[in-house]
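Here is a friendly walk through a protein model, for anyone meeting it for the first time. Keep the picture open beside you as you read.

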Amino acid sequence: MIKKNVTMSDIAKVMNVSTVTVSKALGDRDGVSSDLRERIKQKATEMGYRMHTGTHGAKDGLNYNIGIVVARHFISDASAFYWIMYRYIVEMLQKQNYYGMLEVVDDVLDGRGEIPNSVLDKRVDGLIVLGQFSDEYINRLMSYYIPTVFLDFYGSSEESETVLADNFYGAYMLTNHLISYGHRRIGFLGSISSTSSIQDRYLGYYKALLEHRIPLRQDWLIGDRSNESDIFPSFTLPQDMPTAFVCNCDETAYKLVNQLKAAGYSIPDDISVVGYDNHIYSTISSPRLTTIDVNSRAMSEEAVNIILHKIRDGSYKRGRTLVTGKLVRRESVKNLTLE
């Protein structure tokens, strides 16, 4: 009996190869020997897999490739948050018989970044743009009229399809958590002008202060980076210290904890610190960080679903999709109400 809904993963298991190898073989791409390519195609036919050539000559006019565009500085190390997102996206695309093509772009801050060759050569059916890019670069990219979804950032265009972590509400929850523990002297660590995510997290922090009639102190708003990714090795801290810091990400919080400890502060006895993302830095920190767990899998799934809908239906619109995270309580916050 022919198996229904056969996927590349099914073929890969039977052939004892990777799903990427199957994708390359079925798409006639480099990296697979001619003998293995033919054996994979034969097995795919036997299993009832719907073959796609991966070329412009496909009967349905599709390539079954999705470009995943990311700025190089966002994936500068193997543990980077966007590598996790990328792996989720590729995994989900493979289940839909699509191949995810990573497109790494340099010089994106001033809009001069190169447009990926896959876009210029029309080898992709759609794009998932991962992480912050300048409006100038986005406008150039959109001028090629390829279905596009923006993941984890948004620009100024009201027409764009975006999938975002609910950064505003997440930072609002974090700040309210500190306030419920008796903190009223709360600083924010993050360069507000760097990314839309940091801006939204700052605004969530500020909303919590406003609701509790806590004055915003400019000397407690501290930058943490020179651009989107280059976090400072240390931060310029105020003379009059708050009792707690809301940090825009776990890496910043981790570095702050180490800087404060080196200066003689005890965490959380002297100063409480919270992060954001629930990335690896939240658990290697000592103490471990209270943070917001960003649901990167759900965000990736939303992005994949939207881009495939847009490819099938050119009039499909979703607009802005928010994915809410959850508060993770750990040891980096002191409860002042117990004193």
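Arginine 225 and aspartate 224 join their side chains in a salt bridge, with 2.8 Å from N to O. Both arginine 225 and aspartate 224 are buried. Keep in mind that this is a predicted model.

How many salt bridges does the structure hold? The count is 14. Here are three of them, side by side:

| Salt bridge | N to O distance | Burial |
|---|---|---|
| Arginine 225 and aspartate 224 | 2.8 Å | both buried |
| Glutamate 161 and lysine 310 | 3.5 Å | both buried |
| Aspartate 219 and arginine 217 | 2.8 Å | both partly exposed, at 38% and 25% relative accessibility |

The middle row reaches across the chain: glutamate 161 sits in strand β5 and lysine 310 in helix α11 (residues 296-312), so their salt bridge ties together parts that are 149 residues apart in sequence. As for the last row, arginine 217 and aspartate 219 belong to a salt-bridge network that also takes in Arg185 and Asp240. Arginine 217 has another partner too, as it lies over the face of tryptophan 220, at 3.8 Å from the ring centre. Elsewhere, arginine 201 lies over the face of tyrosine 276, at 3.7 Å from the ring centre.

Now for the sheets. Six strands make an open sheet with parallel pairing, in the order β2-β1-β3-β4-β5-β11. At its edges stand β2 (99-105) and β11 (320-323), and each has a single partner strand, so one side of each is left without a neighbour in the sheet. On average, neighbouring strands here are turned by 20° against each other, ignoring direction. The partner of β11 is strand β5 (residues 161-165), and these two pair in the parallel sense over four bridges. In that pairing, threonine 162 stands opposite arginine 320 of β11.

There's another open sheet, this one built from four strands in the order β7-β6-β8-β9, again with parallel pairing. Its edge strands are β7 (221-222) and β9 (272-274), each of which pairs on one side only. Strand β6 (residues 186-189) runs parallel to β7, and two bridges join them. Phenylalanine 188 has leucine 221 in β7 as its bridge partner.

Which helices pack against this four-stranded sheet? Helix α8 (residues 196-211) lies across β6, β7 and β8 (244-247), and runs at about 175° to β6. Helix α9 (residues 250-262) touches β6, β8 and β9, with its direction at about 160° to that of β9.

Rings are the last stop. The whole structure has eleven aromatic pairs. In one of them, phenylalanine 188 and tyrosine 205 have ring centres 5.3 Å apart and planes at 35°, so the pair counts as tilted. Phenylalanine 188 belongs to strand β6 and tyrosine 205 to helix α8, so this pair ties together parts that are 17 residues apart in sequence. Both residues are buried, and tyrosine 205 has 0% relative accessibility.

Tyrosine 205 also forms a tilted pair with tyrosine 202, at 6.2 Å centre to centre and 40° between the planes. These two tyrosines are three residues apart in helix α8, so about one helical turn separates them. Tyrosine 202 is buried as well, with a relative accessible area of 12%. Ring pairs also link Phe133, Tyr137, Phe150 and Phe153 into a cluster.

Notes: Residues are numbered from 1 along each chain as its sequence is written. This is a predicted model: local features need pLDDT of at least 70, side-chain atom pairs count only at pLDDT 80 or more; totals for chains, interfaces and linings use all residues. Side-chain values use heavy atoms; hydrogens and water are left out. Two strands pair if DSSP finds at least two bridges between them. Contact means heavy atoms within 4.5 Å. Axes are lines fitted to C-alpha atoms, for helices over the stretch in contact, and angles run from 0 to 180 degrees between N-to-C directions. Rings of Phe, Tyr and Trp (its six-membered ring) pair if their centres lie within 6.5 Å; planes under 30 degrees apart count as stacked, over 60 as edge-to-face and the rest as tilted. Buried means under 20% relative accessible area, exposed over 50%, partly exposed in between (1.4 Å probe, protein chains only). A charge sits over a ring if NZ of Lys or CZ of Arg is within 6 Å of the ring centre and within 35 degrees of the ring normal. A salt bridge is a side-chain nitrogen of Lys or Arg within 4 Å of a carboxyl oxygen of Asp or Glu.
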